[in-house]
Amino acid sequence: MRKDGETFCELFDRLGFKMSKWQPGTFSRKINECWYEEIIANAEDPNAPSSFFLMIKGQPDGTLVSTRVKFIFTDAQAREKLTEMAIRVLDEYAKATKWLEIAEQRQKIRALVPFTTSLSGFSARFASEFSATGRYNLIFSRPLRLTAAQKRTESYFDRTRFFALPPDYGGPTIEAEPAKS
């Protein structure tokens, strides 16, 4: 799950979610973020539009901290569109992180059924907001401060600490050094 927040922003931008620039956050300069928002007009009640919001947060070194989808629908047409957009984020997140099991939750999003699941210190939660109907959040997150066990595990899988593969197994070509006299 060692993913880069800025790379996620670029991914979702390429997928049609026109993300803002990756930059220090509005509330905390220690966390960078990018976001996308879409407002969908409600023909029956122009004062009650529907909306979709996607925000990706990470540490300045790029380490992904969270991805949040918030959608609010005020009519049936918007509900269908917004749940499909949330499912698309879920599917793309699953592919990008190789957490493919999370994609199995797409039917719960479509049916607006809450769920919580976790893998390797990352969690995914889908739930309605208690403040009003038609308001939902899909949040992928990891703790900002890892436990000692999580730090050891993250360190153990840090690929920068692995020995390089030999060329016969896909590693870099080893240049011969001149003999030292």
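## Helix 2 and its ends

What span should the 22 residues of helix 2 have at 1.5 Å a residue, and how far apart are its end C-alpha atoms? In this predicted model, the expected span is 32 Å, and the end C-alpha atoms of helix 2 are 32 Å apart, which agrees. The helix covers residues 76-97, and aspartate 75 caps its N-terminal end, with a side-chain oxygen that lies 3.2 Å from the backbone nitrogen of glutamine 77. Just after helix 2, lysine 98 takes a positive phi of about 65 degrees.

The buried residues of helix 2 are Ala78, Leu82, Thr83, Met85, Ala86, Ile87, Val89, Leu90, Glu92, Tyr93, Ala94 and Thr97. An α-helix has 3.6 residues a turn, so residues three or four places apart point the same way.

## Overall layout

The protein contains 4 helices and 7 strands, and from the N terminus on these elements follow the order α-β-β-β-β-α-α-β-β-β-α. Of its 181 residues, 39% count as buried, while the accessible surface comes to about 11,800 Å², with 53% of that area belonging to carbon and sulfur atoms. Among the contacts with a separation of 6 or more, 46% are accounted for by residues 24 or more positions apart.

## Aromatic pairs

A search of the whole structure finds 14 aromatic pairs. In one of them, the rings of phenylalanine 8 and tyrosine 93 have their centres 5.4 Å apart and their planes at 75 degrees, and because planes over 60 degrees apart count as edge-to-face, this pair is edge-to-face. The pair links distant parts of the chain, since phenylalanine 8 belongs to helix 1 (residues 5-14) and tyrosine 93 to helix 2, 85 residues apart. Phenylalanine 8 has a relative accessible area of 3% and is therefore buried, and tyrosine 93 is likewise buried, with a value of 0%.

Another pair, formed by phenylalanine 73 and tyrosine 136, is stacked, with 6.0 Å centre to centre and 5 degrees between the planes. This pair also links distant parts of the chain: phenylalanine 73 is in the loop between strand 4 (64-72) and helix 2, whereas tyrosine 136 is in strand 7 (residues 135-141), 63 residues apart. Both phenylalanine 73 and tyrosine 136 are buried.

Beyond the individual pairs, Phe8, Phe12, Phe17, Tyr36, Phe52, Tyr93 and Phe140 form one aromatic cluster.

## Strands and their partners

Strand 1 (residues 23-24) pairs with strand 2 (residues 32-40) in the antiparallel sense over 2 bridges, and here proline 24 stands opposite asparagine 32 in strand 2. Strand 2 also pairs with strand 3 (residues 50-58), again in the antiparallel sense, over 9 bridges, and in this pairing glutamate 37 stands opposite phenylalanine 53 in strand 3. In a regular strand the side chains alternate between the two faces of the sheet.

## Serine 66 in strand 4

Is serine 66, a residue of strand 4, buried or exposed? Its relative accessible area is 15%, and because buried means under 20%, serine 66 counts as buried. Not counting residues up to four places away in sequence, serine 66 touches Met55, Ile56, Lys57, Phe140 and Ser141. Among these contacts, Phe140 is also part of the aromatic cluster described above.

Technical notes. Residues numbered from 1 in each chain as written. Predicted model: local features only at pLDDT ≥ 70, side-chain atom pairs only at ≥ 80, totals over all residues. Heavy atoms only, no water. Phe/Tyr/Trp six-rings, centres within 6.5 Å; stacked < 30°, edge-to-face > 60°. Buried < 20%, exposed > 50% of the residue type's maximum accessible area, 1.4 Å probe, protein only. Contact = heavy atoms within 4.5 Å. Areas by Shrake-Rupley, 256 points an atom, 1.4 Å probe, with all protein chains shown as cover. Expected span 1.5 Å × (residues − 1). Polar contact = N/O pair within 3.5 Å; in protein donor to acceptor, adjacent residues only side chain to side chain. Pairing = 2+ DSSP bridges.
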